[in-house]
Amino acid sequence: MDKSKIHPTPMLDVLEDGPWPSFVSGFKRMRDEHPDARINETINSLLGQLEHSYETRKGYWKGGTVSVFGYGGGIIPRFSEVAKAFPESKEFHTLRVQPAPGNYYTTDMLNQLADSWEKWGSGMVTFHGQTGNIMFIGTTTDNTQHFFDEINEYGWELGGAGPCVRTAMSCVGAARCEQSCANEHGIQRHLVNTFTDDVHRPALPYKFKFKISGCPNDCQNSIERSDFSVIGTWRDEMKVDQAEVKAFIDAKGRDYVIDNVTTRCPTNCMTLNDDNTLDVDNGNCVRCMHCLNVMNKALSPGDDKGVTILIGGKRTLKIGDLMGTVVVPFMKLDTAEDYEKLVDLASEIIDFFAENALEHERTGEMIERIGLVNFLEGVGVEVDPNMVSSPRQSSYVRMDGWDEEAEKWFERQSEKAAG
Amino acid sequence: MAQDMRHPIESGCPDGFQYMHPSMRRNYGQWKYHEHPRPGVLLHVAHSGDKLWTVKCGTQRILDVFTLRKLTEIGDKFADGYIRFTIRSNVEYVVTEEAKVQPLIEAIEGAGFIVGGTANSVAMISHTQGWLHCDIPGTDASGVVKSMMDELIDEFKNCNMPNRVHITTSCCQINCGGQGDIAINVQHTKPPKINHDLVANVCERPTVVARCPVAAIRPAMVNGKPSLEVDEKKCICCGACFPPCPPMQINDAEDTKLAIWVGGNHSNARSKPTFQKLVAAGVPNNPPRWPEATAIVKRILKEYKEGAKDWERINDWIDRIGWPRFFEVTGLPFTKYHIDNWTGARNSLNASTHIRF
């Protein structure tokens, strides 16, 4: 590229200093060393606009409408508001592409994606954006279609953007974690691939996100960040390897176990005995994971595994941050029928959301507006004391249906007892 | 012409088993425990006896294809050809022989990436798009993170914190960055400046009115044109009106500030998950290095590192020592803005005599 056309970037240059890898150096390599002049010019222009943002402390991108043939979403369109000064990056759209659950790749596949992306795009990519997509950052409207056509042929699909079912995310999961109580892969793909149409053709009141964590450590942040959070757990006794407990105490001492394990248990359900064995009151264990995290070798989840489902988590706009609420305290996920039940529940919830949420209202906000009970009745789920931190405190409620509701509870209890 | 266009193959989320290391496929759901031989390295042991070493490293997150190929080349030469990305955009390589760990670490560090980010370290800062690509950002993301990681790199490479520390950044009050032990988020301080000439043509006015969390926006005729007006006494300067109505400009070179929040914790370990709480605001949005924000983050980290017990996350630590002590040890001012007045605010007030002296 003609050196005289290079936009000076004195503020960005400062970000090439320091020990952490520099994104600015990466951009400059693409500007100066990439063999394709189209990429050199695009990145030069982009750096010019970013420098302008740094100088003026303002962003200069606006949205628009760009998609690929047959879909309505999946692209984040970006048109420059300062295209006159920086024309080569005036269209700089991002393609959101769905990764596999847990973000696994072969190097061959990453290289193939890199080849396609430098052919049709800017050559800049992020693994992954906050929704969980691969973000192929920067291409023109025409090349959006070409790039998608090429990678779609070898197995890659657009993610969600706008008011639709979004790309789902899972933690590292059963593939490399001893705490995993769930098949995150199966859950994510069963759920999100049931709603492929709702991913690609935005028609919901607002976004709807699935996130899956294999255990209550919730590495995927699903309670705080997803409308439909699936978290692996177990309902039988946790496994205690007393020989490993003793080995842990030999290495760390009794005080360490008392200070960092037994007294940190939120329900005080652990007792360290005089003979250095550990007793667990499993009926009071809330599966918080702390002791399993500390005494990883000695303590493990039980065998009767399943999932807890929480509904309605989201971030700030509009009514403030909300966490998900327990809607299914425990369900098994072993058989095809179990998975069918999970998918049916998700369908019920998305249908109810589609029909009842206001425009730009998330599931959690809808529940806040109509009350959890109306939501549960709408999706056909019975109330359960695990759904609340405590029962109602306010007496301002009409309760003339009490007898029937109490009868329902006893009926459900006897059905459960009958198995 | 529609008939000439290629129809998409709607295959959805791909099957990940084809991209997993064979040891992961073989031992799927069969891992027994893990150890942490050194910062940046995990050793997982399966019931079968198989061992798998993971080496984690930080990158610049926004990768150019040269850097991506550098990462895949390391994977090909030193790590069996597999790569996983964590949700904080770190790269993870895995090997099945201990002897391969050290050469892999040397290759990663030789290529300029940073090994670390495991267990009780300061993890890679999770960040958003910022000025580089977002349509509504009040600040940059990559630059803020690069600047902070330059300063926190030793805490990434070592495991000297009481427990892990997740830091997040967000470039507007939608807060895409998520909850964090420490969050650095844009906080606007003035109502939007409205270009009344453009509103009627650009904005769907009822949608914009409905978007406001405090009902401060109403339709109005301004200079003979249909527009919108903001009741500036009610306005909380959140910027929610800006995405659906770009003529309601919320970003400002001076009045867009940063605020710092602490104690967000997504895990159920010990206490239930927690949201982050405001601790500092009015922090200048100061490119290219944002030194004021970094200084506050480092101050909080220093006190946490010295004051917290093993396994306490920042929220656990503050729960134990109390908020007055937090403000005392960090030297941050406590102001009227720290007292919540949003829905549910009463739950955050102290209705007891539990006071530390």
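Here is a short chat about how chains A and B are described in this predicted model.

Reader: Let's start with chain A. What makes up its secondary structure?

Author: Chain A has 15 helices and 16 strands. Its C-alpha atoms fill a box of roughly 80 × 60 × 40 Å along the principal axes.

Reader: Why is Leu333(A) called partly exposed?

Author: Count the neighbours: 19 other C-beta atoms lie within 10 Å of Leu333(A). A buried residue needs 20 or more, and an exposed one has 12 or fewer. The count of 19 falls in between, so Leu333(A) is partly exposed. For chain A as a whole, buried residues make up 49% of the 419 residues.

Reader: Where does Leu333(A) sit, and what does it touch?

Author: Leu333(A) is in the loop between β16 (325–331) and α12 (336–356) of chain A. Leaving out residues up to four places away in sequence, Leu333(A) touches several others, including Ala182(A), Ile187(A), Val307(A) and Tyr339(A). As for distances, Leu333(A) and Cys181(A) are 152 residues apart in sequence, yet 10 Å apart in space, C-alpha to C-alpha. Over chain A, residues 24 or more positions apart account for 65% of the contacts with a separation of 6 or more.

Reader: How do you know that β4 and β7 of chain A pair?

Author: Pairing takes at least two bridges. Strand β4 (residues 93–97) and strand β7 (residues 134–139) of chain A have five, so they pair, and they do it in the antiparallel sense. One of these bridges joins Thr94(A) to Ile137(A) in β7(A).

Reader: What makes β2 of chain A an edge strand?

Author: Picture the open sheet of five strands, in the order β2(A)-β4(A)-β7(A)-β6(A)-β4(B), with antiparallel pairing. β2 (75–76) of chain A pairs on one side only, and so does β4 (62–64) of chain B; these are the edge strands.

Reader: How do you know that β5 of chain A pairs with β5(B)?

Author: Use the two-bridge test again. Strand β5 (residues 104–106) of chain A and β5(B) have three bridges, so they count as paired, again antiparallel. Thr106(A) has Tyr82(B) as its bridge partner in β5(B).

Reader: How many residues does each chain bring to the contact, and which element of chain B gives the most?

Author: The contact takes 103 residues from chain A and 94 from chain B. On the side of chain B that touches chain A, α2(B) gives the most, with eight residues. By class, that side has 44 nonpolar, 33 polar and 17 charged residues.

Note on methods. Residues are numbered from 1 along each chain as its sequence is written. Chains are lettered from A and ligands numbered from 1 in the order in which they are written. This is a predicted model: local features need pLDDT of at least 70, side-chain atom pairs count only at pLDDT 80 or more; totals for chains, interfaces and linings use all residues. Helices (H or I, at least four residues) and strands (E, at least two) are DSSP runs, numbered from the N terminus. Two residues are in contact if their C-beta atoms, placed from the backbone, lie within 7 Å. Ala, Val, Leu, Ile, Met, Phe, Trp, Tyr, Cys and Pro count as nonpolar, Asp, Glu, Lys and Arg as charged, and the others, Gly among them, as polar.
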